Amino acid sequence: MTDNRKTVLSGIQPTGHIHLGNYFGAVQNWVNLQDVYRCFYMVVDYHAMTMPYDVKKLRNSTWELIYNLLAIGVKPESLFIQSLVPEHTELCWIFNCFCSHGNLSRMTQFKDKSQQSKESSKEDFISVGIFDYPVLQAADILIYKADAVPVGKDQEQHLELSRTIAQRFNNQVGKEYFVLPETLFTETPKILSTADPSKKMSKSAGEKHYISCFADEARIRKQIKSAVTDTGEATEGMSPGVENLFMLLNGSAKVNGNQSHLDAAAKMLKDHEQGILKYSELKAHTADAIVELTNGFKKKKDELLQDKRAVKDQIKASSAAIRKVAQETVKEVKELTGLLNVKY
Ligand code: AMP
Ligand code: TRP
């Protein structure tokens with residue numbers, strides 16, 4: 001049976017908590033797209049090794065992220081673990097030879113992370129892995145011939161590079177073999193840190209700069225209560241901090257299907273236009289909506305944790321099934337690039 005659905009692929013690193021930026025920027029789309037497209041979603045543990053990390057913690061973090069993604073609504077048959085499909089690294093090597101050093105040196109993530117790497121490890125260590133990171137990402141995407149990649153705004157440059165690599169490969173082998181993948185954004189592709197709205201919400205910036213999807217209620221309420229609204233600088237229209245709270249409120253209320261929160265947001269928007277919005281009111285509604293959303297995630301996670309073995313078996317099985325697709329691509333790529341294809 002041929003499958004005419006378009007293919008969607010995305011990945012997330014097992015490096016700590018999954019937060020509302022991940023959710024509203026990308027993972028919410030992963031969940032929504034599942035009913036329409038052929039979807040491949042992965043926990044990218046190979047990518048998580050590119051920065052200094054704790055070898056004792058990686059495997060647990062990978063499973064923890066699997067439970068979290070399933071609790072948020074990703075289906076087990078779409079979900080797999082990158083290192084269980086080693087063909088990604090094989091294709092990465094081949095792509096290394098189709099990608100210029102200059103292109104990789106211009107990646108902003110490489111510049112930022114190599115700076116962080118220097119600051120966090122005493123020995124001033126920058127791995128070749130962090131430099132090569134976007135080539136592995138291109139392999140992740142192209143190996144499934146993905147048409148669309150749901151990610152947050154910060155991944156735009158990496159997607160552009162994936163298209164460059166695909167194009168160079170196609171030109172060199174003289175065949176339109178790889179599909180050029182498109183980036184797919186949500187309505188909220190960039191969620192800001194509530195503690196400092198001049199930065200994006202992110203785990204690497206420190207604890208107060210992200211709100212975990214599995215944080216306890218008291219912590220969520222505290223973080224929203226202390227959210228920075230206006231910095232005192234004169235801004236035209238709405239300040240980024242206030243806009244961010246509206247995004248979190250509306251986004252959560254839509255998922256919860258909570259009309260009273262949506263009505264309250266519409267009313268507060270009018271209040272803001274008239275200059276009479278009380279930030280305490282906006283924060284109270286935003287905290288309620290986020291708590292309602294995340295309570296659903298936590299409940300589902302508790303259920304999953306009842307039988308960890310069953311979850312692990314399911315994900316190993318889906319990884320094995322998905323691996324077959326990747327193996328087929330690598331076979332074709334070897335054929336096209338002049339490498340040997342031998343059955344042992
Ligand atoms: P990471 O946590 O860096 O592995 O990111 C996983 C996904 O979440 C990627 O698609 C990112 O683009 C997205 N993402 C991370 N932080 C944010 C943010 N603050 N706003 C929107 N999307 C984000
Ligand atoms: N680089 C992505 C991030 O930091 C994670 C990632 C790895 C990814 N491989 C991917 C995203 C393939 C989309 C497609 O968020």
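The following legends describe close-up views of a predicted model.

**View 1. The residue shell around ligand 1.** In this predicted model, ligand 1 is surrounded by 17 residues, of which G152, D154, P189, I191 and M201 come nearest. Sorted by class, the shell comprises six nonpolar, seven polar and four charged residues. Helix α1, spanning residues 20-33, supplies four residues, the largest share of the shell.

**View 2. Polar contacts of ligand 1.** Oxygen atoms of ligand 1 take part in contacts with Q13, N22 and G152. For G152, a backbone N or O atom lies 2.8 Å from an oxygen atom of the ligand. For N22, the partner is an N or O atom of the side chain, at 3.0 Å from a ligand oxygen. For Q13, a polar backbone atom is 3.2 Å from an oxygen atom of ligand 1. Taken on its own, ligand 1 has 490 Å² of accessible area, and the protein covers 92% of this area.

**View 3. A nonpolar patch on the surface.** M49, Y53 and V55 together make a nonpolar surface patch of about 290 Å². Within this group, Y53 is located in the loop that runs between α2 (45-48) and α3 (58-72). The relative accessibility of Y53 is 34%, and Y53 therefore counts as partly exposed, a class that lies between the limits of 20% for buried and 50% for exposed residues.

Conventions. Residues numbered from 1 in each chain as written. Chains lettered and ligands numbered in written order. Predicted model: local features only at pLDDT ≥ 70, side-chain atom pairs only at ≥ 80, totals over all residues. Heavy atoms only, no water. Patch = residues over 30% accessible without salt bridge, like charges linked within 9 Å, V, L, I, M, F, W, Y side chains within 5 Å. Areas by Shrake-Rupley, 256 points an atom, 1.4 Å probe, with all protein chains shown as cover. Salt bridge = Lys/Arg side-chain N within 4 Å of Asp/Glu carboxyl O. Helix = DSSP H or I, 4+ residues; strand = E, 2+ residues; numbered from the N terminus. Buried < 20%, exposed > 50% of the residue type's maximum accessible area, 1.4 Å probe, protein only. Near = heavy atom within 4 Å. Polar contact = N/O pair within 3.5 Å; in protein donor to acceptor, adjacent residues only side chain to side chain. Nonpolar A, V, L, I, M, F, W, Y, C, P; charged D, E, K, R; others polar.
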